[in-house]
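Start with the fold as a whole, then move to the interior and the surface. Keep the chain in view while reading.

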Amino acid sequence: WDEMKCAKEVHKEKPFYINLPAKDIYEVDIDENVLVQGVIDLYYITESGEIVLVDYKTDRVKEAEELVDKYSEQLRIYKMALEKSLGKKVTYVYIYSVYLEESVEL
């Protein structure tokens, strides 16, 4: 959190709409696009220019790994959407568990 306080930019609750190739989302060999929409909870750009994506989860889980299993595909798509819209690579992706009060890096 200290890193975020010193960030060059902080963006919260950013909706996005983006066309992505269907084959990047589903394991199919189709040359069609899919419109993906969502809301990115938080992303920020560090002083050194790295992009950090954070998604908050309120699920009642015993360990953070359950969230990774359940949401890693969603975060992969959010990362692709953010990279496409910003034209830069996302350096870090985290899930923050509100219930466990901890984060886990994907």
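**From contacts to core to surface**

Of the contacts in the chain with a separation of 6 or more, 58% are between residues 24 or more positions apart. The model is predicted.

The chain has 3 helices and 5 strands. Read from the N terminus, the elements follow the order α-β-α-β-β-α-β-β. The radius of gyration is 14 Å, close to the 13 Å that the globule rule gives for 106 residues, so the chain is as compact as a globular protein of that length. Its C-alpha trace spans about 45 × 35 × 20 Å along the principal axes.

Now turn to the interior. Of the 106 residues in the chain, 40% are buried. The largest nonpolar core holds 25 residues. Phe16, Leu20, Val36, Ile40, Leu53 and Leu82 have the most contacts inside this core. Several elements feed it: strand 1 (9-21), strand 2 (33-45), strand 3, helix 3 (65-86) and strand 4 (92-97) each supply at least two residues. Helix 3 gives the largest share, 9 residues.

Phe16 is a good place to look at the packing. Which residues does Phe16 touch, not counting those up to four places away in sequence? One run is Val36, Gln37, Gly38, Val39 and Ile40. Tyr78 and Ala81 complete the list. Val36 and Ile40 are themselves among the core residues with the most contacts.

There is also a second, separate core. This one has 7 residues, including Ala7, Val52, Val54 and Tyr96.

Helix 3 also carries a charged residue worth a look, Glu83. Is Glu83 buried or exposed? Its relative accessible area is 15%, and buried means under 20%, so Glu83 counts as buried. Neighbours within four places in sequence aside, Glu83 is in contact with Lys88, Lys89 and Val90.

Finally, the surface. The accessible surface of the chain comes to about 7,000 Å². Carbon and sulfur atoms account for 46% of that area. Trp1, Tyr56 and Val98 make a nonpolar surface patch of about 300 Å². Tyr56 belongs to strand 3, residues 51-57. Why does Tyr56 count as partly exposed? Its relative accessibility is 32%, and partly exposed covers the range between under 20% and over 50%, so Tyr56 falls in that class. Strand 3 thus appears twice: it supplies at least two residues of the largest core, and it holds Tyr56 of the surface patch.

Technical notes. Residues are numbered from 1 along each chain as its sequence is written. This is a predicted model: local features need pLDDT of at least 70, side-chain atom pairs count only at pLDDT 80 or more; totals for chains, interfaces and linings use all residues. Side-chain values use heavy atoms; hydrogens and water are left out. Patches are made of residues with over 30% relative accessible area and no salt bridge: like charges are joined within 9 Å, nonpolar side chains (Val, Leu, Ile, Met, Phe, Trp, Tyr) within 5 Å. Accessible areas come from the Shrake-Rupley method with a 1.4 Å probe; for residues, only the protein chains shown count as cover. A salt bridge is a side-chain nitrogen of Lys or Arg within 4 Å of a carboxyl oxygen of Asp or Glu. Helices (H or I, at least four residues) and strands (E, at least two) are DSSP runs, numbered from the N terminus. Buried means under 20% relative accessible area, exposed over 50%, partly exposed in between (1.4 Å probe, protein chains only). The radius of gyration is taken over C-alpha atoms; the globule rule is 2.2 Å times the number of residues to the power 0.38. Contact means heavy atoms within 4.5 Å. A nonpolar core is a set of buried Ala, Val, Leu, Ile, Met, Phe, Trp, Tyr and Cys residues joined through side-chain atoms within 4.5 Å.
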